[in-house]
Amino acid sequence: MIEDSAALETLLTEIVDRMSQAADKGAVADYIPELAAIDPAQFAISICLPDGRQISVGDVQADFSIQSISKVFTLAIALGRYGDTYWTRVGREPSTSVFNSVQELESRNGIPANPFVNSGAIATTDALLVGATPKETLGEILQFIRLAASDDDIYINPSIAESEKRTGHRNWSLAHFLKSCDNLRHECELTLGTYFHHCAISMNCAQLARTGRFLAGLHPAGTLILPAHVRSINALMMTCGHYNGSGEFAYRVGFPAKSGVSGGILAVIPKRASIAVWSPGLDRYGNSLLGTAALEEVSRRAGLSVFSVEGDTRPLRRGGPAEGAAAAGRAADPEPGR
Ligand SMILES: NC(=O)CC[C@H](N)C(=O)O
């Protein structure tokens with residue numbers, strides 16, 4: 001089915017229609033004022049295929065900040081610069097608490113569980129700042145992402161960064177905790193200022209899908225980073241990309257992906273596709289509620305789970321995944337990220 005453009009476009013259109021009718025769209029993140037103001041009734045999906053085709057449906061022209069999805073790119077740059085010594089500062093195990101948990105960092109004596117929880121990403125940003133100013137570091141991150149997307153029209157939204165700088169007290173406490181454990185080289189202000197700005201990198205869903213091609217082995221210029229690092233990042237995305245909801249995501253969807261609290265998800269099916277979805281309402285883990293439901297449906301209908309065997313392409317149960325996910329979301333933690 002993935003090879004058949006017309007069938008794929010029909011499937012994506014069906015999914016977008018169904019998502020627009022879902023009664024429960026999840027709750028937008030309200031701990032960052034700029035995100036709290038976003039209309040949750042928006043949905044977009046875009047998929048890049050091996051032959052260079054890209055199919056995009058829904059609100060694909062709307063820009064959003066990629067938030068934690070930026071952690072994929074900072075990890076790629078840090079692995080390139082430090083290789084295995086990077087792992088002396090950050091672990092590579094799934095986390096069991098919310099993505100900005102201080103308790104989880106404390107229980108691990110100041111070594112973050114993985115690069116995708118906030119503390120791990122703050123330590124990564126701190127590592128990238130060695131020998132470079134925040135401006136140079138942000139320039140490097142932006143340049144990498146623009147190259148990945150083959151698109152220079154990707155930018156940092158300063159009001160989102162400022163909004164988070166003022167209100168992101170949990171991140172300030174994580175930075176101070178890292179500092180107290182001697183796992184932060186720079187002043188909290190410098191590292192966090194840079195972190196908030198890379199979380200505020202903004203683009204639309206079609207651009208986001210293109211950024212994932214280098215992780216699927218589908219970038220026209222080759223892998224951009226070492227193939228071994230692609231493998232490492234995909235493994236981390238599979239096991240940690242959705243925080244303490246990563247097991248559930250692997251079970252339901254079955255391929256590496258990274259979410260952001262703005263409702264975007266970047267997914268990678270090695271050698272087959274790079275997919276982005278965006279729907280701002282979140283589930284109890286702080287991951288896009290309908291974005292996950294949509295990826296589950298694409299995965300099942302097109303047989304894309306990396307765990308699938310031949311013949312595993314059955315249609316979803318009646319009612320579709322959105323209803324099940326919406327029900328799960330209702331029972332969930334009302335304030336993800338708090
Ligand atoms: N889960 C996320 O996307 C978190 C990123 C957000 N900028 C924060 O630090 O809280």
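**Exercise 1.** From which domains does the shell around the ligand draw at least three residues each?

*Solution.* Before starting, note that this is a predicted model, where local features need pLDDT of at least 70, side-chain atom pairs count only at pLDDT 80 or more, and totals for chains, interfaces and linings use all residues. Residues are numbered from 1 along each chain as its sequence is written.

Step 1: the domain assignment of the protein chain gives domain 1 (5-64 + 204-330) and domain 2 (69-201); such bounds come from an automatic or database domain assignment.

Step 2: each of these two domains gives at least three residues to the shell.

Step 3: the ligand is surrounded by 13 residues, where near means a C-beta atom, placed from the backbone, within 6 Å. The closest are Gln-67, Ser-68, Cys-199, Gly-260 and Val-261.

**Exercise 2.** Describe how domain 1 meets domain 2.

*Solution.* Step 1: their C-alpha centres lie 23 Å apart.

Step 2: 27 residues of domain 1 are in contact with 30 residues of domain 2 (contact: C-beta atoms, placed from the backbone, within 7 Å).

Step 3: on the domain 1 side, α2, α10, α12 and β7 each give two or more residues. Helices (H or I, at least four residues) and strands (E, at least two) are DSSP runs, numbered from the N terminus.

Step 4: α12 makes the largest share of that side, with seven residues.

**Exercise 3.** Is helix α5 mostly covered or mostly uncovered?

*Solution.* Step 1: α5 spans residues 118-128, and eleven of its eleven residues are buried (20 or more other C-beta atoms within 10 Å of a residue's own, with C-beta atoms placed from the backbone). Mostly covered, then!

Step 2: the covering elements include α3, α4, α6, α8 and α9.

Technical notes:
Contact = placed C-beta atoms within 7 Å. Buried ≥ 20, exposed ≤ 12 C-beta atoms within 10 Å, placed from the backbone.
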